[in-house]
Amino acid sequence: MPAPTITMFGSVIGTAEAGSAIEIFVDTDDEGATLIATAVTNGDGDFISEVELDSFAGMNITATATDADGNTSEFSEALLIDLEPPVLTLLGSAEVTIECGSGPYVDAGATAVDDVDGDISSQIQRTITRDGSAATVNTTVPGTYTILYEVSDNAGQVATPVQRVVTVTDTTAPVLTLNGTPAVVVECASSYTDAGAIATDACEGDIVVTATGLTDGSINTMTPGVHVITYSAVDSEGNAATSVTRTVTVADRTKPVITLTGAPSVTLECGTGYLDAGATVADVCDTNAAVVTTNPVDPGVVGVYTV
């Protein structure tokens, strides 16, 4: 008749041959001398005894099984009655604050020691939640993460849980980088397409850049002058990047074009009147450009004149 196997999880539970009568003993030795409870195994060979063990703390508990033919087993392996829960100790700080985007979070963990089972740190169960839902500590997502540590010893005694609160914060402003050069000179009436800027946030990656001083991505190149384009960016936590600027100078460096009206050479008889045909002017930038005419022709004096 094989001996039963027993464990303690608040009650005494175990297995033996189906239909066996179980006797449970306590003593300071391996083989019990004091009967404290009985049970009967079910058809699967399982049994449970709701025996109160508080008064037997520190003693050994054993059991025997007797089958229907009256055969009684040897005593089971003795177990020390362990009524003290293990002690959980948090390693590191109970409150940790880390900057978003600073890299993976490495938890300091916890230790668990039991007066009977010794170091049971490997049995610690760790649960991480964020806003009440299961999570992992994501250092790219600002928020508060709670890490709960729980453990029970081999007798089913549950330690008082400990926890760590990890807060991922985003206090770092994004960085703005200008595309192209900070100073640009363009010719009046030419096309201009701004090179823009990019903003990178340690937590959010690339974020939206806002530009002031542009209209539909360009400037008015028909008017000479200086245009200042300012770029700004703000992440979702309200951290504002240091703005950057580009100065675009619209310059008029192209000479106007004068076109003569009429022939470039005119001959007239002395004493007759002369009316100059004039000229037109075209300027790519200045629509108000005008022709200034200097006319020294004296029809009464023979000579060659340049108008």
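In the predicted model, E187 and R253 form a salt bridge in which the closest N and O atoms are 3.0 Å apart. The two partners come from distant parts of the chain, 66 residues apart: E187 belongs to strand β17 (residues 183-187), whereas R253 is placed in the loop between β22 (244-251) and β23 (257-260). Their environments were also assessed by relative accessible area. E187, with a value of 18%, is buried, while R253 reaches 59% and therefore counts as exposed.

This pair is one of four salt bridges counted in the structure. Side chains of opposite charge can pair when their charged atoms come close. A further group of charged residues is centred on an aspartate: D107, R126 and R164 are linked in a network of salt bridges. Within this network, the contact of D107 with R126 has its closest N and O atoms 3.4 Å apart. R126 lies in strand β12 (residues 125-130) and D107 in the loop between β9 (95-99) and β10, so this salt bridge ties together parts of the chain that are 19 residues apart in sequence. The side chain of D107 also meets that of R164 in a salt bridge, with an N to O distance of 3.0 Å. Here the linked parts are 57 residues apart, since R164 is found in strand β15 (residues 162-169) and D107 in the loop between β9 and β10.

The members of the network were classified by relative accessibility as well. D107 is buried, at 18%. R164 has a relative accessibility of 1% and likewise counts as buried. R126, by contrast, has a value of 46% and counts as partly exposed, because the exposed class requires over 50%.

Aromatic contacts were examined next. The structure holds one aromatic pair. The ring centres of F25 and F75 are 5.5 Å apart and the ring planes stand at 70°, so the arrangement is edge-to-face; the angle satisfies the criterion of over 60 degrees for that class. F25 is part of strand β3 (residues 21-27), and F75 occupies the loop between β6 (60-66) and β7 (79-80), so the pair joins parts that are 50 residues apart in sequence. With a relative accessibility of 11%, F25 counts as buried, whereas F75, at 27%, counts as partly exposed.

Both phenylalanines are also in contact with T64, a residue of strand β6. T64 has a relative accessibility of 5% and counts as buried. When neighbours within four places in sequence are left aside, the contacts of T64 comprise P4, A21, I22, E23, F25, T72, S73, E74 and F75.

The sheet organisation was considered last. Strands of a sheet pair through backbone hydrogen bonds, either parallel or antiparallel. Three strands form an open sheet in the order β8-β10-β11, with antiparallel pairing. Strands β8 (87-90) and β11 (118-119) stand at the edges, each with a single partner strand, so one side of each is left without a neighbour in the sheet. Between β8 and β10 (residues 110-114), which run antiparallel, there are four bridges. In this register, L88 has A112 of β10 as its bridge partner.

Key. Residues are numbered from 1 along each chain as its sequence is written. This is a predicted model: local features need pLDDT of at least 70, side-chain atom pairs count only at pLDDT 80 or more; totals for chains, interfaces and linings use all residues. Side-chain values use heavy atoms; hydrogens and water are left out. Two strands pair if DSSP finds at least two bridges between them. Helices (H or I, at least four residues) and strands (E, at least two) are DSSP runs, numbered from the N terminus. Rings of Phe, Tyr and Trp (its six-membered ring) pair if their centres lie within 6.5 Å; planes under 30 degrees apart count as stacked, over 60 as edge-to-face and the rest as tilted. Buried means under 20% relative accessible area, exposed over 50%, partly exposed in between (1.4 Å probe, protein chains only). Contact means heavy atoms within 4.5 Å.
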